Structures are given as structure tokens and as C-alpha cells.
Amino acid sequence: MSKEVFKGRGANITPDNPYLKRKLVIEHIEGVDEEQYLEKPQTKYYKEHTKGALSKNDSPDLPLNYSVNPYQGCEHGCIYCYARNSHQYWGFDAGLGFETNIMVKSNIVEVLKQQMNSKHYVPSPIMLSGNTDCYQPAEKKYRLTRKILELCLELKHPLSIITKNTLIQRDKDLIQELAKLNLVHVYFSINHIDSRLKTLLEPRTATATKKIKTMEEFTAAGIPCGVMVAPIIPAINTADIAEIIKRTAQAGALNAGYTVVRLNGNVKQVFVNWLRENFPDRAEKVMHQIEELHGGKLNDTEWGRRIKGSGAMAKMIEKIFLTSKERYMKNRSMPSFDLSKFSPHGQMRLF
């Protein structure tokens, strides 16, 4: 694997894609092949036409059953991202390939409108997004997330937004109108306080300070906000849990949630390589503690445990989280979604 470190990228490797028989390399006559990235990798965008805009999940670990993902792949480069594995279905790798090859679902708004206007459609809150960040850098150019918000406002459809990027400020006008109708929740994903850790862990996301400031501004505008402390990585960011909840509560957060890191598929290879490069002094400790959370393995597919973990380490994390939430967010909660306002074709339902 290449030892080149690319500034602004989370992964610095291109793990083999298990779904491909061939791998792209630069071939030398001497017989030594190198990874395809010899210079700083540039982001490429691919326009795709999707057949379905709504992704359904049956996981009991997730509060919402449907999500909308305008982009596949994510330039944020979060090293732990579980969505890295799904990028392999598109023919890319889970490392640099995930961060530099972004699929843009150019017709997703039209398809979503068709689905929501179907006479068989039953409205329920959707998550924007459930896989990759809907406010990643591609959104500044393609504006698909904003168009989805416009559609939801037109049809009075409820949604929950989660992001690591302050680009969401651009759409404050639409989100504020949705909030007036009890149709939106906004969650900011914050798992660190130290901006130096952000540079390593989530290189192209906004700093915690900027996200908390945005939360404060949204709260003042009447937009209900919460925080997801996710994922929690033992011996990397566990010390920040209480401070994150304190600061977001001061900014107006009404709710908080958390998950622990899990390393399924090639995410494990990407993460372990990153860990040994950036935290060699504690790499083995971190990996052992992650294994402790997941029944002795770095990966986990068991419902419940894969999200919150189990064992002594999981109980410690849960105690810190619950104690902090009780102290700083006591008696707070998100407002209920109003499903009664949904109006397909722009018409209010009479019956």
C-alpha cells in the first residue's frame, strides 16, 4: 500500500474491492506496480439516474424507516464511515475511491415527487440522509438537497436532517418554514471538540465550534435542533462526550443521541491503517477496546450491540452520555412531527 499522505483526505489507501476481479494500477516495465494515486487525488462527479429515491431500512436500531440519499460517496472523508463499504457496489474502493468518486443522483427530486404523489404512498418522516452527508461539498454545486427541501415544503412532508457541514446555513429559509409547520428536525453530528482531531478524523467537515454556532442560530430562528455524538471511538474521543452535550445544550439542542464505532468490511482496513499512522502509541489499545464493545470483534452485525456496544466499556460510555444528558438537557425533547399537513399534488387532504 502507498505510504503517501494526501492532505485533506481521510483514507490514504485503496483497499481491494471484493466485487471486482481487476484492480487499476500504474504498471512499470520493471514489474513493480503502484497504486493509481501518485499525485493528490482530485474529486470526480458522475451523474446517475436513480429508479427509486426512497431507501427503506428494517433496522430496529434506526428511528426512521425511510431515507433519501442524493449522493453516493462522500468527500468529507470521515475515516470510520460505514457507507464506505456500499461504494464498492458502484465499482470503487472503500478508501480514497469513496472520497474522490461522487455519484450524483441528478433526477432524485423528480423521482421522489412521483413516489410521494402515488396514491399508495403513506407519509412518514424521512431521513436526509441515511448514508452519506446531504450537505457534503457536492451540494454546493448541484443543490439537490435544497430542491428536496423545496419539495417537502410544497407537499408538507416531514423530514429529519443530519449533517456535519455548515453549508446547511444556506437553506435556513426553507428549514425555518418547515419548522413553523412542525415538519423538520435538524441534527448536527459532532464527535469531537479538538479541531486538530477533526483534521485527522473528518478532514472536510466543519469544526465543532462552527456547527455549534450554527445550531445556536437555528435555535434562535425556531428550528428544533439536536446532536448526534457519533461515532464514539474508545481512547480517541470518549473524553469529549460530556463537553459536546454541554456546549450543544447551551446552544439550544433539544435532544442527543450516540453510537459507537464499528468496523465492518473494508472500513476495518481503512480505519486500522489510519489509526496506526496517526496514533501509533495507542493503536493496539483502541482496537482492543473496540473489540470489547462488539463481542471480541472489530466488526458487528448484531442488532442493538452494533450501535451501542456491550460490556464494561459500553456501560461506561452509556453512563457518561446519560449523566450528561440528564444534567444539561433535562426535560427537553424534539417537537412531534405533524403528519396531518401532508398534501400530495399540492392539495390539502379532505378525507
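This passage describes two helix pairs and two buried residues in a predicted model.

Residues are numbered from 1 along each chain as its sequence is written, and side-chain values use heavy atoms, with hydrogens and water left out. Because the model is predicted, local features need pLDDT of at least 70 and side-chain atom pairs count only at pLDDT 80 or more, while totals for chains, interfaces and linings use all residues.

Two packed helices are described by the angle between their axes and the distance between the axes. Helices are DSSP runs of H or I with at least four residues, strands are runs of E with at least two, and both are numbered from the N terminus. Axes are lines fitted to C-alpha atoms, for helices over the stretch in contact, and angles run from 0 to 180 degrees between N-to-C directions.

The axes of helix α2 (residues 108-116) and helix α4 (residues 144-155) come within 9 Å. They cross at roughly 25°. The two helices are therefore roughly parallel (an angle under 35 degrees). Their crossing is right-handed (the near helix is turned clockwise from the far one by less than a right angle). Contact means heavy atoms within 4.5 Å. On the α2 side, Ile108, Val109, Leu112, Lys113 and Met116 take part. They meet Leu144, Lys147, Ile148, Leu151, Glu154 and Leu155 of α4. The contact holds 8 nonpolar, no polar and 3 charged residues. Here Ala, Val, Leu, Ile, Met, Phe, Trp, Tyr, Cys and Pro count as nonpolar, Asp, Glu, Lys and Arg as charged, and the others, Gly among them, as polar.

Helices α8 (residues 241-250) and α12 (residues 312-328) form another pair, with axes that come within 9 Å and cross at roughly 20°. They too are therefore roughly parallel. The crossing of α8 and α12 is right-handed. Ile241, Ala242, Ile245, Lys246 and Ala249 of α8 contact α12 residues including Ile317, Phe321 and Tyr328. By class, this contact has 8 nonpolar, 1 polar and 2 charged residues.

Asparagine 191 lies in the loop between β10 (184-189) and α6 (195-201). Asparagine 191 is buried (under 20% relative accessible area, with a 1.4 Å probe and protein chains only), at 1%. Its side chain makes a polar contact of 3.0 Å with the side chain of glutamate 202. A polar contact is a pair of N or O atoms within 3.5 Å; within protein, one must be able to donate a hydrogen and the other to accept it, and residues adjacent in sequence count only if both atoms are side-chain atoms.

Glutamate 75 is found in the loop between β6 (71-72) and α1 (96-100). Glutamate 75 is also buried, with a relative accessible area of 7%. Its side chain makes polar contacts with the side chains of threonine 43 (2.8 Å) and arginine 204 (2.6 Å).

Technical notes: Parallel < 35°, antiparallel > 145°, perpendicular 65-115°, else oblique. Buried < 20%, exposed > 50% of the residue type's maximum accessible area, 1.4 Å probe, protein only.
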